[in-house]
Amino acid sequence: MLHFADSLTFSGRKVVAAWAALPFPALSGSSLPDVLSAHQDLPWKLLSSWKEQKVSSCFAQSVVLRGMCQEKATRSPLHSCESPGQVLQHYLHTQFPGAFSTCQVLQQPCHTQPPFPQFFSPLLSRRGFLLDRAQGFSSAGVQSMPVLAALQSCPGLHSLLSGLCRELRPRRWGGSCAAGLEQDDFQEALEELRTLAQCYEPGCGAAGSEEEGDSD
């Protein structure tokens, strides 16, 4: 995971945010272009521990979608793409112009039989697709589902790292001293964290990210 995150970071950045849509919000039999065209906002939720729930820009990202077969699409801005991978790539470039984006689409869904936690809504089919009404079987009957997951290097991480700097203010030095950390080392680590947070300020490295995106 460390090497994977490194592939998405540049210009002094080292941290990425995790996102997921579990399940990917699709009706049974719907096509990927239809599903993505129906969502003006990205259909995923933040897994990382910071308050932002919506990202309008990013520097780099890697996205994986599983369990969406290629169905015949109705007319949409994405209908001309020849493969699900091209559909997702086009969608990401539309949502995040100039960002370095990689994506992969796999036909095999995420299997959710026990011991996978059975916390699913009754509005899901056994294959994890959305239903108009709840079915008679319990949520434990969900055997698989389409899933979208992403790692992003994005400006929103500035607030997470800056907040961590504030939490590590000098008056908390006593606890660090008791743990055997020298004050000079503590101050040096705190300064490195502040510098890292600055790398995620909006507009920081924008030209570099556009160059990366153009090379993709």
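Hi everyone. Let me start with the contacts: in the protein chain, among those between residues at least 6 apart in sequence, 75% join residues at least 24 apart. Please keep in mind that this is a predicted model.

Now the layout. The protein chain has seven helices and seven strands. If you follow along from the N terminus, the elements go α-β-α-β-β-α-β-β-β-β-α-α-α-α.

How much of the chain is buried? Of the 216 residues in the protein chain, 38% are buried. As for the outside, the protein chain exposes about 12300 Å², and carbon and sulfur atoms supply 53% of that area.

Let's zoom in on one helix, α6, which covers residues 183–198. Helix α6 has 16 residues, and from its first C-alpha to its last it reaches 23 Å, close to the 22 Å expected at 1.5 Å a residue. Which residues of α6 are buried? They are F186, L190, L193, L196 and A197. Looking down the axis of α6, you find these buried residues within an arc of 120 degrees, so they line one face of the helix. Over on the other side of α6, D184 and E192 are exposed.

Last, the cysteines, since somebody at the bench always asks. How many disulfides does the structure hold? Zero. Two cysteines are worth pointing out on the screen. C103 is partly exposed, because its relative accessible area is 23% and buried means under 20%. C110, with a relative accessible area of 17%, falls under that 20% cut-off and is therefore buried.

That's my tour, thanks for listening!

Note on methods. Residues are numbered from 1 along each chain as its sequence is written. This is a predicted model: local features need pLDDT of at least 70, side-chain atom pairs count only at pLDDT 80 or more; totals for chains, interfaces and linings use all residues. Side-chain values use heavy atoms; hydrogens and water are left out. A disulfide is a pair of cysteine sulfur atoms within 2.5 Å. Buried means under 20% relative accessible area, exposed over 50%, partly exposed in between (1.4 Å probe, protein chains only). Helices (H or I, at least four residues) and strands (E, at least two) are DSSP runs, numbered from the N terminus. The expected span of a helix is 1.5 Å times one less than its number of residues. The arc is that of the directions from the helix axis to the C-beta atoms. Contact means heavy atoms within 4.5 Å. Accessible areas come from the Shrake-Rupley method with a 1.4 Å probe; for residues, only the protein chains shown count as cover.
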